[in-house]
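Look at the ligand site first, then at the backbone. Where does the ligand sit, and what surrounds it?

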Amino acid sequence: MCGIVGYIGPKDACPILLKGLHRLEYRGYDSAGVALINNNGSLSVYKSKGKVADLESHIAGKDISGTIGVAHTRWATHGEPNSQNAHPHYSQSRNLALIHNGIIENYKPLKQEMMNHGKVFKSETDTEVLIQFIEYIKELHGCNLFEAVQLALKNVVGAYAIVVIDKDNPNRLIAARKGSPLVIGVGNNEFYIGSDATPIIEYTNKVVYLGEEEIAEMNRQGDLTIVNLENVKQTPIVKTVEMNLSDIEKADFPHYMLKEIFEQPDALFNSMKGRLNIEQKDVLLSGIIDYKDEILKAERIIICACGTSWHAGLIGKYIIEELTRIPVEVEYSSEFRYRNPVVTDKDLVIAISQSGETADTLAAIQLAKDKGAFLYGICNVVGSSIPRATDTGSYLHIGPEIGVASTKAFTAQVTTLMLMALSIAKLRGTITKEYFEELVEELYAIPEKIKKTMELNEKISKYSKIFTYARNFIYLGRGYNYPIALEGALKLKEISYIHAEGYPSAEMKHGPIALIDEEMPVVVIAPAHSKYEKILSNVQEIKARKGKIISVITEGDTAIKELSDIYFEIPATMDCFTPLLTIVPLQLISYYIAIAKGRDVDQPRNLAKSVTVE
Ligand code: AGP
């Protein structure tokens, strides 16, 4: 949450910072701001409510000179989204400016203490408390900014990624992190800072991921000094980021979400590359092979995740239990972390997170680690916190996902869980060689089948418009497609703001059926499989009550097709792989309904891509 950008070097900082903010806007977009040490030596802070484009209009005609600066795009935690609460925040003397991602939990007593020392606050934020506190420490000890930041952070409880500039020292930039990510791009006598690598990669692919409780100082001579809170010097480890500019641009698509939906065949192919060997009909997942003993020791698997990643985890439960016979529990990270769960060293805990930064999932795995569990991370963002906190894991290898609504990350998470299930089943000998090979062959065919499913795009775009009237939607699925009902409903809610609920279809008669009338669209996910006849009965029950039926069925279906008001056909596949196909029309339905309602699909209200606060 919140996007952070910083720059120091020979170039004009403002264009770099604004471009960086655009790239990071998916992390939060209720207000934005920039601070620059201008060429005349003054420290200017410009802020505005709304998006980065509003900030650009706001600074038109103002002094935006300077070769050092910081900028921020906000997702509000403390204080409503307005220009006062937007970052950067000045210190009292207006000599310092700070941007922050995270939450300072002890801001109230600190604020009181600062007010007792005569500091006056202009915003309701925890961030302003921090910069006032840093300045107070600096004045109290007569130390430099680096030391003041270090001392101040020792007294701070909470999570932060911060960048600070000092008008009296325009030759250095100070950054620090705990709990929230921060990446430093290393150029030629210049440094770039970002909450992730996206604002950096067009300038340099050399980056340093700042570690937990580390503070960095960057200067114009190209020196990067990193120490921890105890002042022990750390050696910066420069890594190469494998990300291209085209990965983070929309190309010819109107929205990132649509681009990412269409990327799914290639994304899944890349996720399987080097892992699924079609010639030898084998699966080689290094995250499992390298830790075979620990994985085989597991008597239970616990999957921790949030939102869409949780839905992927639920599909993971179905397939892992079916193929490996290991019991699997799927936990919301936010519940798991606070309920003193039973976890032992015989548990394998799988954390699933696109961003790799979700605060609740990070806390959940920390708890599981303390209780002795073995940790496996399934993440997309390379170098993010969860892969670094887990014992082993698998990256998705699908490139950045920028649309706030997760699409390609979901199908890649499900694919990775399927590869895990296959690997573990093979190691444990719980399925026959023939069945294993049949599954491998069919999984390999899925990207092509998704491509085929994409041909529904036009039909979906045409029919989705009909449903802009709806205030509620119901999604129904059974077995492997029950999690798809949940995911379809979440996709619709988050980008169209239409209320939607997903249910296992047989649960209808236990309550939700009371909602059905001629106004209610019911999305039925009913590929041709063992539960087909059961779902058919559920569809008849809805039809009898005049509900509008939108079905996702397998090509060649006749019975549900006849009962449907609108149907979308997908290619046939094995039961366990159907979620990878059935989700595609649901993603497109949400997208087109949201577009028809004039919603901002890539940046829906109140949401942010990376949820780094609990
Ligand atoms: C998905 O469309 C959502 N925006 C959201 O539920 C997301 O999946 C959740 O916040 C978890 O994020 P993560 O995968 O980065 O941990």
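This report covers the ligand site and then two backbone features.

**Ligand site**

The model is predicted. In it, the ligand sits in the second largest pocket. Two helices, H10 (307-324) and H17 (482-496), are the elements that give two or more residues to the shell around the ligand.

Which domains supply the shell? Domain 2 (253-431) and domain 3 (456-596) both contribute residues, so the ligand lies between them.

The shell holds 15 residues. Ser309, Ser353, Ser355, Thr358 and Glu494 are the closest. By class, the shell residues divide into eight polar, five nonpolar and two charged.

**Polar contacts**

Three contacts involve an oxygen atom of the ligand. Each row gives the protein partner and the distance.

| Residue | Protein partner atom | Distance to a ligand oxygen |
|---|---|---|
| Glu494 | N or O atom in the side chain | 2.4 Å |
| Gln354 | polar backbone atom | 2.7 Å |
| Thr308 | polar backbone atom | 3.1 Å |

Glu494 makes its contact through the side chain. It is also listed among the closest shell residues. Gln354 meets a ligand oxygen through a polar backbone atom. Thr308 likewise uses a polar backbone atom.

How much of the ligand does the protein cover? On its own, the ligand has 410 Å² of accessible area. The protein covers 90% of that.

**Backbone features**

Now the backbone. Most peptide bonds are trans, and most residues other than glycine have a negative phi. Two places in this model depart from those patterns.

- His87 and Pro88 are joined by a cis peptide bond, with omega about 0°. Pro88 lies in the loop between strand E4 (68-74) and strand E5 (89-90).
- Arg94 is not a glycine, yet its phi is positive, at about 65°. Arg94 belongs to the loop between E5 and strand E6 (96-104).

Strand E5 thus borders both loops: the loop with Pro88 ends at E5, and the loop with Arg94 begins there.

Notes. Residues numbered from 1 in each chain as written. Predicted model: local features only at pLDDT ≥ 70, side-chain atom pairs only at ≥ 80, totals over all residues. Heavy atoms only, no water. Near = heavy atom within 4 Å. Polar contact = N/O pair within 3.5 Å; in protein donor to acceptor, adjacent residues only side chain to side chain. Areas by Shrake-Rupley, 256 points an atom, 1.4 Å probe, with all protein chains shown as cover. 1 Å grid on protein atoms, 1.4 Å probe; cavity = no way out; pocket = protein on both sides within 12 Å on 5 of 7 lines; lining within 4 Å. Sits in = over half its atoms within 2 Å of the grid points. Helix = DSSP H or I, 4+ residues; strand = E, 2+ residues; numbered from the N terminus. Nonpolar A, V, L, I, M, F, W, Y, C, P; charged D, E, K, R; others polar. Domains from an automatic or database assignment.
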